Amino acid sequence: MRLDKYLAQTTGLSRKDVKRQIHAGLVNINNHPEKNSGRHVTDEDQVTLDGNPLSRPRPCYLMLHKPDGYVCSNDDPTHVTALTLIDFPSPERLIIAGRLDLDTTGLLLITDDGQWSHRITSPRHKLPKRYRVFLDEPLREDAENLIQQGILLRNEAKRTKPASLERITDTEVLLTLTEGRYHQVKRMFAALNNRVIALHREQIGDITLDDSLASGEYRDLTDEEIASVFKEKKQS
Ligand code: URA
């Protein structure tokens, strides 16, 4: 992350005031004065302002509108990772809470808080995830019933947990799952003799992808969105 952004985040000063402090020679990095506001800062750097050490910014909680073609991992030999879209001092510390396939778009939650991420991904908490699914063929008549009962996926012994399906048209549906098996949505529709041609995640728990975020854009979560993950849901 750039030094000016780091200072703005850790002190709450405006970008203009931050620049003034840097140009006045009040900022040191690792005991050396630094006047370049674009200098890259990592978590390992010790930054002081007027002799006062600055602590790391508060934990980070973000929603990203994931584009098609970005892989959900910290590094990948062939594909560009979704984390390259995030400006963060130590990107290797970021965790993607619930990965999406390379060609799936939509809501990605990203954090450096392991406990928070675990709450989202742990099957025990059954946080619902809603997907908009576009299908190759018209959906069969009995799909709602079959999905509600649970589907036996290829090479698996246990049926999927009951899920809810809302038919928008014969080839567009909303599917809400409370578990996350490997390629689950695509495999569920394959088991119904269909094929997913586009998949977009819209919601995780109470957190909905912000309409104002274009593909590739991200924003901080609100305090309410962050806390919503810990809310106990009444069992129905
Ligand atoms: N299910 C899938 O098949 N792919 C995803 O990316 C997410 C859920």
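The following paragraphs describe the overall architecture of a predicted protein model, the surroundings of its ligand, and several individual residues.

The secondary structure of the predicted model comes to 6 helices and 13 strands, and the C-alpha trace spans about 70 × 40 × 30 Å along its principal axes. Of the 236 residues in the protein, 43% are buried. The protein exposes about 13,100 Å², of which carbon and sulfur atoms supply 48%. When contacts between residues at least 6 apart in sequence are considered, 62% of them join residues that are at least 24 apart.

The domain assignment divides the protein into domain 1 (3-54), domain 2 (60-124 + 210-236) and domain 3 (128-204), with domain 2 thus being given as two segments of the chain. The centres of domain 1 and domain 2, taken over C-alpha atoms, are separated by 28 Å, and the contact between these two domains takes 5 residues from domain 1 and 5 residues from domain 2.

The ligand is surrounded by L100, D101, T104, Y131, H183, Q184, V185, K186 and L199. Because domain 2 (60-124 + 210-236) and domain 3 (128-204) both give residues to this shell, the ligand lies between them. Helix α5 (residues 184-191) supplies the largest share of the shell, namely 3 residues. In terms of residue character, the shell divides into 4 nonpolar, 3 polar and 2 charged residues.

Polar atoms of the ligand are placed beside both side-chain and backbone atoms of the protein. A nitrogen atom of the ligand is found 2.8 Å from an N or O atom in the side chain of D101, while an oxygen atom of the ligand is 2.8 Å from an N or O atom in the side chain of T104. In addition, a nitrogen atom of the ligand is located 3.1 Å from a polar backbone atom of V185. Taken alone, the ligand exposes 240 Å², and the protein buries 94% of that area.

One of the residues that surround the ligand, H183, is placed in the loop between β10 (172-177) and α5. The phi angle of H183 is positive, at about 50 degrees, although this residue is not a glycine. Because its relative accessibility is 29%, which falls between the limits of 20% for buried and 50% for exposed residues, H183 counts as partly exposed. A positive phi is also found at N30, a residue other than glycine, where the value is near 50 degrees. N30 lies in the loop between β1 (27-29) and β2 (32-33), and, with a relative accessibility of 33%, N30 therefore counts as partly exposed.

Strand β11 (residues 196-204) includes V196, and E202 lies in strand β11 as well. V196 has a relative accessibility of 13% and therefore counts as buried. When residues up to four places away in sequence are not counted, V196 touches V133, F134, L135, V185, K186 and F189; among these residues, V185 and K186 also belong to the surroundings of the ligand. V196 and K19, by contrast, are 177 residues apart in sequence, and their C-alpha atoms are 50 Å apart in space.

E202 has a relative accessibility of 12%, so this charged residue counts as buried. Its side chain makes a polar contact with the side chain of R132, at a distance of 2.4 Å. Leaving aside neighbours within four places in sequence, E202 is in contact with L107, R130, R132, L174, I207, T208 and L209. R132 is therefore found both in the list of residues in contact with E202 and as its side-chain partner in the polar contact.

Towards the end of the chain, A227 is placed in helix α6 (residues 223-228). The relative accessibility of A227 is 44%, so that A227 counts as partly exposed. Although A227 and W116 are 111 residues apart along the chain, their C-alpha atoms are separated by 9.3 Å.

Conventions: Residues are numbered from 1 along each chain as its sequence is written. This is a predicted model: local features need pLDDT of at least 70, side-chain atom pairs count only at pLDDT 80 or more; totals for chains, interfaces and linings use all residues. Side-chain values use heavy atoms; hydrogens and water are left out. A residue is near a molecule or strand if one of its heavy atoms lies within 4 Å of it. A polar contact is a pair of N or O atoms within 3.5 Å; within protein, one must be able to donate a hydrogen and the other to accept it, and residues adjacent in sequence count only if both atoms are side-chain atoms. Accessible areas come from the Shrake-Rupley method with a 1.4 Å probe; for residues, only the protein chains shown count as cover. Helices (H or I, at least four residues) and strands (E, at least two) are DSSP runs, numbered from the N terminus. Domain bounds come from an automatic or database domain assignment. Buried means under 20% relative accessible area, exposed over 50%, partly exposed in between (1.4 Å probe, protein chains only). Contact means heavy atoms within 4.5 Å.
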